[in-house]
Amino acid sequence: MDIVLSSVSQGLLWSIMAIGVFLTFRILDIADLSAEGSFPMGAAVCALMIINGYHPILATFGGMLGGMAAGAVSGFMHTKMKIPALLTGIITLTGLYSVNLLILGRSNVSLSGETTLVTLLTDTGLTKTTAVLIIGAIFVALVVLSLVVLLNTQLGLALRATGDNLEMGEANGIKVDRMKILGYMLSNGLIALSGALLA
């Protein structure tokens, strides 16, 4: 039973990354490879903030913001510099290897003895597996609910229209470049959030 609970709890954290990848691949119809750099960036920013004394929830959202910044760079290169999507992802993920090392300042950072989201819950008497399961369920529910609300707004419909038919969206007055950048930012932010939670 412990193996099943452990697998489900880890799967919930990884599913946030899958939702982020889904946004660019299916909603925007862009092959974004920058996930390989955004994922460890979220973990790096989160770990560094925890070590520097920030609250774990704040550090987790800090990691997400780091991923959104990486997404903004990818979106800018793809839309404004007219670099093809695949090459944009490769450039971003390659650059993020160095950026992540620069953020951490060294190759490994230990969170042993630090207060994390998991230790906050285990201090109340829960097991680690149960704590991760609760954290994963809460964050997945928040992400799914937020995306359902967002994608049913005017902004969300413009985002979906950009991925469905770029030319028609542009003909209807949608700023498709802005929508692509927003999509990149949301996608990479969720991927980095998954990395921050796993850290």
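**Charged residues, loops and helix contacts in a predicted model**

Aspartate 177 and lysine 80 form a salt bridge, with their closest N and O atoms 3.7 Å apart. Because aspartate 177 belongs to helix H9 (residues 176-198) and lysine 80 to the loop between helix H3 (56-79) and H4, the pair ties together parts that are 97 residues apart in sequence. The model under discussion is a predicted one. A search of the whole structure returns one salt bridge. Side chains of opposite charge can pair when their charged atoms come close. Both partners have some access to the surface: aspartate 177 is partly exposed at 23% relative accessibility, and lysine 80 is partly exposed at 47%.

Helix H9 also holds lysine 180. Lysine 180 is buried and has no salt bridge. Which side chain of opposite charge is nearest to lysine 180? That side chain is aspartate 177, at 5.2 Å. Since a salt bridge requires a side-chain nitrogen of Lys or Arg within 4 Å of a carboxyl oxygen of Asp or Glu, the distance of 5.2 Å does not qualify. Apart from residues up to four places away in sequence, lysine 180 touches Leu28, Ile30, His78, Thr79, Thr162 and Leu166.

One of these contacts, Ile30, leads to the loop between H1 and H2, where isoleucine 30 is located. Isoleucine 30 has a relative accessible area of 6% and is therefore buried. Beyond its neighbours within four places in sequence, isoleucine 30 is in contact with Thr24, Phe25, His78, Ala85, Lys180 and Tyr184. The contact with alanine 85 spans 55 residues along the chain, and the C-alpha atoms of isoleucine 30 and alanine 85 are separated by 6.5 Å.

A second buried charge is found in this part of the chain. Aspartate 32 is placed in the loop between helix H1 (2-27) and helix H2 (35-51). Aspartate 32 is buried but has no salt bridge, and its nearest side chain of opposite charge, lysine 180, is 12 Å away. What polar contacts does the side chain of aspartate 32 make? One is with the side chain of serine 34, at 2.6 Å. Another, of 3.3 Å, joins aspartate 32 to the side chain of asparagine 188. When residues up to four places away in sequence are not counted, aspartate 32 touches Thr24, Phe25, Gly89, Tyr184, Ser187 and Asn188.

The backbone of the loops also deserves attention. Most residues other than glycine have a negative phi. Aspartate 29, in the loop between H1 and H2, has a positive phi near 60° although the residue is not a glycine. Lysine 82, in the loop between H3 and H4, likewise has a positive phi, of about 60°, without being a glycine. Are these two residues buried or exposed? Aspartate 29 is exposed, with a relative accessible area of 60%, and lysine 82 counts as exposed at 60% relative accessibility.

The discussion now turns to the surface. Leu33, Leu86, Leu87, Ile90 and Ile91 form a nonpolar patch there, with about 400 Å² of accessible area together. Within this patch, leucine 87 lies in helix H4 (residues 85-104). Leucine 87 has a relative accessible area of 42% and so counts as partly exposed. Helix H4 contains serine 98 as well. Serine 98 is exposed, at 52% relative accessibility. From serine 98 to glycine 37 the separation is 61 residues in sequence and 9.7 Å in space, C-alpha to C-alpha.

Helix H6 (residues 128-151) provides a further example of residues distant in sequence that meet in space, through leucine 147. Leucine 147 is buried, at 12% relative accessibility. Leaving out residues up to four places away in sequence, leucine 147 touches Ile19, Leu23 and Leu190. Its C-alpha atom is separated by 9.6 Å from that of isoleucine 19, which is 128 residues away along the chain.

Notes. Residues are numbered from 1 along each chain as its sequence is written. This is a predicted model: local features need pLDDT of at least 70, side-chain atom pairs count only at pLDDT 80 or more; totals for chains, interfaces and linings use all residues. Side-chain values use heavy atoms; hydrogens and water are left out. Helices (H or I, at least four residues) and strands (E, at least two) are DSSP runs, numbered from the N terminus. Buried means under 20% relative accessible area, exposed over 50%, partly exposed in between (1.4 Å probe, protein chains only). Lys and Arg count as positive and Asp and Glu as negative; His and the chain ends are not counted. A polar contact is a pair of N or O atoms within 3.5 Å; within protein, one must be able to donate a hydrogen and the other to accept it, and residues adjacent in sequence count only if both atoms are side-chain atoms. Contact means heavy atoms within 4.5 Å. Patches are made of residues with over 30% relative accessible area and no salt bridge: like charges are joined within 9 Å, nonpolar side chains (Val, Leu, Ile, Met, Phe, Trp, Tyr) within 5 Å. Accessible areas come from the Shrake-Rupley method with a 1.4 Å probe; for residues, only the protein chains shown count as cover.
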